[in-house]
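Visitor: I'd love a close look at a single part of this structure. Could you take me through the surroundings of the ligand?

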Amino acid sequence: MVVAEASQESLKQRLNVSGGHALKGTLRVSGAKNSALVLMTASLLSEETIELTNIPSLTDIDGMSAILEALGVQVSQGADRIRLTAAELNGSAPPYELVNSLRASFFSIGPLLGRLGHARVPLPGGCRIGARPVVEHIRGLKALGAVVNVEHGIVTASVPGSKKRLTGAQIVLDCPSVGATETILMAAVLADGVSTIENAAQEPEVQDLANLLNSMGAQVSGAGGPVITVQGVERLRGCSNYPVIPDRIEAGTFLMAAAITRSPLVVEPVIPEHLSAVIQKLRDCGCSIEIKGRAVTITPGEITAVDITTQPFPGFPTDLQAPFMALMCTAKGTSVISEKIYENRLQHVAELQRMGASIRLEGSTAIVEGVAQLSAAPVTGTDLRAAAAMVLAGLSAKGITEVAGLKHLDRGYDDLEAKLSAAGAEVKRNIP
Ligand code: UD1
């Protein structure tokens, strides 16, 4: 209820971004949304308390807390930490309204099945950026011995036999899906025997999950590479003070904010290897980037056009395609931006065009010809990362850009306007 009310509120809100102000100083990166969400679902695997730190303050985190509470998990949240105790689960069926608004909550099917031997989870449904199937998640659970049926929009999974325990298996994914890898990994840690996940997603968030599971007593190796091996164990214990990795997508957005405003800036904490492809492209387009430990200093020069193609990690992330396109709208020359992960993730093109950008669409490729200056306009962030792209475009545009679609932005950026304002931007939330 609280979550629904919050998003109703943010439906009416706008960010007024006054363009042309240089940024300076340091932008601090919060914990990774996509890691935190899946680590929270891992709490379902143990009767003992898991305590996570570096938790970002986001509506998606509130949504996941609500889902876990509905399943019987005790949740207590501090400033940037969360304690989750799944001592006694009172259900294996998270409610539709909550799952529908938060795709990552579907991944709870893995730990529920591993812990209880049964789960009933609504299909997450389509979303604006593409169809987003869960075929691979289901195929993996079946390989581990579950009987899975999809009927009337609900996925029902159960482990036959009296022991209710999944059995280790070799699983070769058709595509390296992040969610499928995480779902199968969480199911396999409590299975009987050894499992391998081949063609696994190599994203840092998968590695973060494996590290948490190992600190709970699981035996997972190879995460971060294409083959993950899991030796099943009978039970997992709790853990305390597990820090979520820094959000590489938020960090990349900040680096692009520096580049689009042509401002030198420090972004930290960052795990630089998580952003290699992005840092390379920023260097290619004219930014000097210096890395010292977990601090990245960016000094933009003249920005020239470069091409990008989105790919699974370690390639250029789809979640930074829209922010990078905003930057390319202000570059010298023509860049070709190809979206290879989601079939419908170019809706921000029309919004950027409203700001004077020169972009031609050819299927899932955008050909962006840089313009001397963008001009402010009322625009809408059509999804989370598109909303961030609109804010970036607004930072460099002439005039005041009014960005709608904040319910998306608030899902994944921890107090973006406060962080940008502290670095010298003029960004104000207009609450009617
Ligand atoms: C995760 C991230 C999301 C990011 C995406 C890709 C979370 C909570 N979200 O989403 O921010 O944009 O990774 O980096 O971590 N696919 C199939 N069949 C399947 C599953 C996926 O074909 O069964 C395809 C999808 O259609 C898509 C691609 O695989 O084209 C990547 O999807 P996936 O890695 O599953 O994304 P998510 O885990 O949902």
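Visitor: To start, how far is an oxygen atom of the ligand from an N or O atom in the side chain of asparagine 34?

Guide: Happy to help! This is a predicted model, in which local features need pLDDT of at least 70 and side-chain atom pairs count only at pLDDT 80 or more, while totals for chains, interfaces and linings use all residues. Residues are numbered from 1 along each chain as its sequence is written, and side-chain values use heavy atoms, with hydrogens and water left out.

The distance at asparagine 34 is 3.0 Å, from a side-chain N or O atom to a ligand oxygen. That is a polar contact (a pair of N or O atoms within 3.5 Å). Arginine 132 also places a polar side-chain atom 3.0 Å from an oxygen of the ligand. With proline 133 the backbone takes part: one of its N or O atoms lies 3.5 Å from a ligand oxygen. Alone, the ligand exposes 740 Å², and the protein buries 82% of that (accessible areas by the Shrake-Rupley method with a 1.4 Å probe).

Now for the shell as a whole. There are 19 residues around the ligand, and Arg103, Ser177, Gly179, Asp319 and Ile341 come nearest (near means a heavy atom within 4 Å). By class, nine are nonpolar, five polar and five charged, with Gly counted as polar and Ala, Val, Leu, Ile, Met, Phe, Trp, Tyr, Cys and Pro as nonpolar; Asp, Glu, Lys and Arg are the charged ones. Helix 6 (135–143) and helix 7 (178–188) each supply at least two shell residues, and helix 6 gives the largest share, three (helices are DSSP runs, H or I, of at least four residues). Domain 1 (2–30 + 246–430) and domain 2 (33–243) each contribute at least three residues to the shell, with bounds taken from an automatic or database domain assignment.

Terms used:
Polar contact = N/O pair within 3.5 Å; in protein donor to acceptor, adjacent residues only side chain to side chain.
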